[in-house]
Structures are given as C-alpha cells and as structure tokens.
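Work through three short exercises on pockets and cysteines. Try each task before you read its solution.

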Amino acid sequence: MTETDSLSDALKAISVSTELIEEELKPHLDTLLSALLEKKKGAAVEIAGSGILPSLAQALRRRSGLTCQVALLVAEMAREAAVREPCIAAGLVTALLPHLNSDNPEMLLNTGRAIGRICFDSSAQQDQLVQSGVIPRLVSIMREYPENDPLVNVCLLALCNLADMDSTREALTDQGVAEVLTFQLKRAPDAERRHVILEVLGSLGESDTLKLQFAESGVPEALSEMIGGLQGGSDPHDLCSIKIASNLIVSLLLGDESMQKCFGEGSGLVYQDVLSWLQSSNTQLQLSGALAIANFARNDSNCIKMLDLGVVPHILTLLEQHVDEGDVSVQHAGLSALRNLAIPATNKVRMLEDGVTERIKTLLRSDMPPVQFKLLGTLRMMVDGQEEAATVLGRDAVLLARVMEWCDAKDHAGVRGEANRLLAALIRHSRNPEVIHAVTKADGVRHLISMASSEHVIMQNEALVALAIASAVDIESVQAPFREAELVPTLQKMLDDPAGAVEVKFSALGLICSLANSDKIVFLSQSDILLVYTCE
C-alpha cells in the first residue's frame, strides 16, 4: 500500500467513525502524524479537506489519552497557512485553549504551538485569545517552566505576536512580566532568542505603565549588561542585538519616571554605561549614547548634574570625530544632547566658558540639512540670554556668511527657518552696534524683513523685535535695507490684517515707534512718515 493510500484510508476511517474509541483512532492518527512529520506534500491540505477537523476538536474536548497526540497533529498541520481558517471554523482553537492549563509540559508545548500557528495571521483570533485570558497564562507557564527552552520559546513567540495590542499590554500590567523576560534575556542561548525577547520588550515598552515597571525591575540594566557582554565582537547577529538593545534603552528613557530611575542622580548603572557608549568605536552605540544623553537632559536638575560630571567634552569629541564624512545621525543626536544641556541658564555660561560654541562651529561646513538644522538650533539656544556669546558669534564673518547661505535654503524650510531665527537671536541678545553692522553688511536685514512676514507667529515676533532693536541701536546701518525692502508698507499691512495675531501687531507697533523715535528717517516716503508719526 502506498503512502497516499494509507493516508486516504486513515482519513476515511476517522471520518466514518461514530465513536471516538482510543484504541481504534490511535493508529489512524499515527498515520496522519507520520505524513505531516515527513513533510508529505499536500498532506495538511488533504487532512483539512477530509472533514475530520470537527472530530479532532471533539477528541480535544474529551481529554482522553489521545489529547496530546491530537494537539501535536493540529500543530503540525497548522504549519500550512491554507489550513488555518478551516481549523478556526472547526472550533479547534476553542477546543485547544483549556489545555493551556495542563500540568503536562508536552501537552502545553503542543497546545501552544497549535494555537500560535493557527492564529499567527488572524487579528480577530488574536484579539479573542487575549480576551480569553491567554496572556497571564503565557507568563505563568514561563514562570513555572523557566528552563524548558522549547516551551519558553513557544510562549515568547506568542507574546511577540500579541505584544502590539493595547489589550495585551493592559493584561500584563499586574503579571510581573518584566522579571520573567529579564530572567530569560540573561539565559538566552542564542541571538534568535535574544531578538524575540527584545522585540517583546520593545512592543510592551510602548506602555508608560510597563515602561516604569521595566525600569523598576532592572530591564535597562539587563539590556546594558547584555550589550557589554557582546561588545568587541564582529558577529552580525551580536551587532544586531546591540543595535536593538541600545535602541530599546533609549526608548525606555522617554518615560520621565523610568528615565529618572535610570539616571540615579548621575550614578545609575545605565547612565554610566551610556557615557562609555559615547567613547565606543561602535557607531550604533555612539548614536544611542548621544540620544540617551538627550533624553536624560529633559530637566534642569539632570542637565546641571551632567555638566558637573563632565559629559560635554565626551559629546564634543564625538561630534569632532564625525565632522568629515561622519555619521549624520550621530552628529544630529550629539547636537540634540548639547542643545538640551544648554537650556538651563547656568549651563549656558559654563558651556560658553568651556568653548563649546567654538568647537561645534566646525560643523558649519556640513552639507547635510539635518545637521545644519540642529546646529543652528543649538547655537540659538547657546546665545539665548547670553549677551557676550551673541556678540562674539554676531561679529563672526565666517559664521554669518554660512548663516546667510542657509537663510536662502530653498529645499529645506526647517534649515531656512532656523537660520533666520539665529540671525534674529544674535541681534536680540547682543543689542550690539557691531553685530548689527555685521549682519547688515552680510545682507541679513533683508532676511529678517522677510521673516517678519512668516506664517509662524513666533518667528514674526522674533524678527520684528530684532528689527526694532537694530533701528534703535544703529538706524544708519539699516535704513538702506529698510527702504529697499519697503518695510513700512509691510508693517502697515500687518496692522490692517483683520486676521493678524495681536502679539504680531504689538511688535509691529513697537518697530514703528522705534522708527518714529529716530531723528534719521530721511529714507521714508511722505506716506511712510504719516504712518510712523501715528505712533507719537
């Protein structure tokens, strides 16, 4: 008898059987299972199409001595995507679910594999699984059998498949999943297992509640320890693990409470390891290190503490390594970290004294818009409220020439906007005649007047205030560009605009009054003079 004949006979025998007698069914089930395990082509589809699936569901519900074998049969059959819908329609999932409470590890393994494969690509079934309470049971199984690798793997794959669902995250909030996953991460036998655990942690970490639980349960420390153990190697799987794990730590730091837990007033293990990443030769770790520092620098207390601990020189050295043909992402992240660190006023002074602006100006030659954008923002933050810094930078001809180029950036609105804002900031914070003269000589006033008509209120105000200061400090320098740009008619339009923001009109009036108070308004036309004197 051929294999095809034996399979057909077994299917026929099961389909005509009215009583599920164990002794009669077992040899037929053995035949079906043998065909599946031997990867006989079309066997799974033939079994599913034979009409015996309801009989298999019935056998599972009866909890006989065949139950474990039937679960294995269903698990092997469900490897084929074409049979999964018929399995669902026959009620096999609902028949299998109670067996997740078995105390037999083999039964748990077969059941987990069968359910996981059947529901792999069915969002409706996955939702029903979560609603049926399968999530806490998966965690319990890993807790009960922590060293049963095949069984743990099934549970991890199931969690990985369900972890993107909000209902899964909610179901895990009181299950102690962090400790279970951390234990498995530390004993992961290979990169494949590591990656599944990391993917689960990443998906679950989208929940703020679980994010904090992870921080309190030592997940970031376990990830950092894993990274430390893999550093220095060249295995692509290990490098991939380092990338996933370091990205995950950065993600966990987005939560305020979890971030503070990891920072530990500057003595936290994770923070200490992040500092070492800045000095690593691994570009991915450099990037994650800079991003992590930017996340730590989200409040004044942390920023001041990190400056005390000497983080800035590490960031500057990192940036200098990537100036020429370096990694754009690392430059962008490093500048983000510096910008955040410069927010507290006390830090600005110290960073300026340490020559930060001079060192980051080396990035002016960058041709990458993301770096240009972040550099401009960082410089603007550094001069905020710092007269001396604004004066020094505002007189720097090389800097101004580059800023003028970026003010004309046609293909990157963000760079163009930041360049204009830095230009306005140099005047607003320096109030220095030499700076105003330098900006005017570089043709910067034209850009400020254009900025005053921006669609963004904050940019309009910054431009108008800068122009008012320039006219009050050095009217002779700015009168020619004011006349060429027809400034006063532009101000008139702002005042007449019924939809204009009140604060913009207020700033426009401030500029008009500044002009009115000048004794040198010869550049204005007669109608302009009438408008100016309405302010007197």
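**Exercise 1. Describe the largest pocket: its volume, its lining and the elements behind it.**

Step 1. The volume is about 460 Å³ in this predicted model.
Step 2. Turn to the lining, which counts 19 residues; closest to the centre are Gly-116, Arg-117, Val-154, Leu-157 and Ala-158.
Step 3. Trace the elements. α8 (105–118), α10 (134–144) and α11 (149–162) are those that give two or more residues to this lining. The largest share comes from α11, with eight residues.
Step 4. Sort by class. The lining holds 13 nonpolar, four polar and two charged residues.

**Exercise 2. Do the same for the second largest pocket.**

Step 1. Its space is about 210 Å³.
Step 2. Among the lining residues are Cys-407, Arg-416, Asn-420, His-447, Met-451 and Met-459.
Step 3. At least two lining residues each come from α29 (413–430) and α31 (444–451). The most come from α29, which gives four.
Step 4. The classes here are four nonpolar, six polar and one charged.

**Exercise 3. Find how many disulfides the model has, then check Cys-68.**

Step 1. A pair needs its cysteine sulfur atoms within 2.5 Å. The count by this rule is zero disulfides.
Step 2. Take Cys-68. The nearest cysteine sulfur belongs to Cys-155 and lies 15 Å away, and Cys-68 is in no disulfide.
Step 3. Is Cys-68 buried or exposed? Buried means under 20% relative accessible area. Cys-68 has 16% relative accessibility, so Cys-68 counts as buried.
Step 4. Now take Cys-155. Its nearest cysteine sulfur is that of Cys-160, 13 Å away, and Cys-155 is in no disulfide. Cys-155 counts as buried because its relative accessibility is 2%.

Methods. Residues numbered from 1 in each chain as written. Predicted model: local features only at pLDDT ≥ 70, side-chain atom pairs only at ≥ 80, totals over all residues. Heavy atoms only, no water. Buried < 20%, exposed > 50% of the residue type's maximum accessible area, 1.4 Å probe, protein only. 1 Å grid on protein atoms, 1.4 Å probe; cavity = no way out; pocket = protein on both sides within 12 Å on 5 of 7 lines; lining within 4 Å. Points joined across faces, edges and corners; volume = space filled by probe spheres on them. Nonpolar A, V, L, I, M, F, W, Y, C, P; charged D, E, K, R; others polar.
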